[in-house]
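Biologist: Could you take me through one helix in this model up close, and show me how it sits in the rest of the chain? I'd like the packing spelled out, residue by residue where you can.

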Amino acid sequence: MNRFSRLLNENALELRRDVPRTLQLNLTAKCNQTCVHCHVNAGPARREAMSRETLERILAWLDSSSLPLETADLTGGAPELHPHFRWLVEQLKARGLHVMDRCNLSVLFEPNQEGLGEFLAAHEVEVVASLPCYGPENVNAQRGDGVFDLSIRALHHLNALGYGREKNLLLNLVYNPLGAFLPPAQDALEAAYKQRLRDDFAIEFNYLYCLANLPIARFGAQLRREGEHDSYLSLLEHSFNHATVGGLMCRTTFNVGWNGELYDCDFNGMLHLQRPDAPFIWDVGPDGLNEQPILIGNHCLGCTAGAGSSCGGALS
Ligand code: SF4
Ligand code: SF4
């Protein structure tokens with residue numbers, strides 16, 4: 001039994017799926033950055049991407065499904081680098097879904113991305129943007145030289161389009177720690193971010209999401225290289241917070257990989273923990289896998305430590 005299962009047992013808890021609300025599509029592993037903590041191992045050399053055929057099959061499944069899905073969460077890699085990104089956003093909006101773009105900000109200045117900000121604003125796409133600090137040193141250390149300046153330029157552009165200022169143009173930022181420690185309290189850090197970004201750069205945004213780093217992929221390898229893997233897992237285990245379990249994102253999310261394969265979350269996708277009861281999204285029937293157990297492992301300790309962690313930030 002893994003350490004996470006043992007903790008659930010000790011607390012008389014079970015992790016089962018609830019009614020699905022979010023369809024998270026991992027469009028591509030390609031990214032213009034190579035961040036040290038990336039749980040997808042994304043980078044410029046990666047080629048994996050959803051084919052147009054797979055996207056059309058997912059849309060056909062959506063059209064035939066009566067499940068109460070509300071949000072399409074587009075992630076990667078850098079989802080905007082997918083050749084059919086803008087077409088897909090239009091298709092999802094036409095189906096009445098709220099669309100979120102997990103954006104690294106610097107992608108706005110990549111070749112062939114002209115007009116990206118304007119496109120996102122015109123379609124009222126929520127932008128969820130990584131910015132692990134309000135100063136340059138930490139951002140450049142984690143995300144690459146020059147990324148902080150590009151991020152500030154992108155945030156100015158998004159603000160000028162109305163993002164972070166107008167009701168329908170949500171701009172949320174994401175913090176994750178630089179090393180093997182848990183994020184600080186989300187409310188206090190959000191207040192600090194708001195003040196510093198406003199005072200130093202005249203930037204506005206809506207909410208800050210604090211995420212913990214899960215010990216897998218590139219961050220897991222870094223922990224192993226630096227001899228911190230076991231101590232980080234122990235930190236996560238000893239910080240277990242049972243109050244986070246009910247709100248874990250895997251309960252209400254369908255995460256879909258490049259070939260349409262179905263996972264309970266993006267992390268499980270990276271670990272190839274494909275669901276045996278519905279290996280592909282189009283295998284999900286009218287019950288939406290409600291009440292079915294979620295596939296778990298030691299990596300899950302990262303979601304339940306401290307205030308908890310999800311794609312939407314802290315959980316308690
Ligand atoms: S963390 Fe995000 S921006 Fe950084 S390499 Fe991974 S996908 Fe790209
Ligand atoms: S890693 Fe995935 S499956 Fe595990 S608790 Fe977190 S969201 Fe749920």
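Modeller: Helices here are DSSP runs of H or I with at least four residues, and strands are runs of E with at least two, both numbered from the N terminus. Counted that way, the chain comes to ten helices and eight strands. Keep in mind that this is a predicted model.

Let's zoom in on α3, which covers residues 85-94. Its buried residues are F85, L88, V89 and L92. Looking down the axis of α3, you'd find them within an arc of 100°, so they line one face of the helix. The general rule behind such a pattern is simple: an α-helix has 3.6 residues a turn, so residues three or four places apart point the same way. Flip to the face of α3 turned away from that buried side and you meet W87 and A94, both exposed. Just after the helix comes G96, with a positive phi near 80°.

What sits on top of the buried side? The cover for the buried residues of α3 includes the helix α2 (52-64) and two strands, β2 (71-75) and β3 (98-103). V99 is a nice place to see this packing from the other direction. Setting aside neighbours within four places in sequence, V99 is in contact with V89 and L92, and also with K93. The rest of its contacts on that count are A72, L74, H123, V125 and E126.

V99 also leads us out to the wider interior. The largest nonpolar core has 86 residues, and V99 is among those that touch the most other members, along with L105, V127, A129, L173, V174 and V256. The helix that gives the most to this core is α6 (residues 147-160), with six residues.

Now step back to the whole chain. Buried residues make up 44% of its 316 residues. Of the contacts between residues at least 6 apart in sequence, 73% join residues at least 24 apart. As for overall dimensions, the C-alpha trace spans about 50 × 45 × 35 Å along its principal axes. A compact globule of 316 residues would have a radius of gyration near 20 Å, and the chain's 19 Å agrees with that.

One last stop, the ligands. The shell around ligand 1 has six nonpolar, six polar and no charged residues, with C31, C35 and C38 among them. Around ligand 2 the split is nine nonpolar, two polar and one charged, and the residues there include C250, C265, C300 and C303.

Conventions. Residues are numbered from 1 along each chain as its sequence is written. Chains are lettered from A and ligands numbered from 1 in the order in which they are written. This is a predicted model: local features need pLDDT of at least 70, side-chain atom pairs count only at pLDDT 80 or more; totals for chains, interfaces and linings use all residues. A residue is near a molecule or strand if its C-beta atom, placed from the backbone, lies within 6 Å of it. Ala, Val, Leu, Ile, Met, Phe, Trp, Tyr, Cys and Pro count as nonpolar, Asp, Glu, Lys and Arg as charged, and the others, Gly among them, as polar. The radius of gyration is taken over C-alpha atoms; the globule rule is 2.2 Å times the number of residues to the power 0.38. A residue is buried if 20 or more other C-beta atoms lie within 10 Å of its own, exposed if 12 or fewer, and partly exposed in between; C-beta atoms are placed from the backbone. Two residues are in contact if their C-beta atoms, placed from the backbone, lie within 7 Å. The arc is that of the directions from the helix axis to the C-beta atoms. A nonpolar core is a set of buried Ala, Val, Leu, Ile, Met, Phe, Trp, Tyr and Cys residues joined through C-beta atoms within 7 Å.
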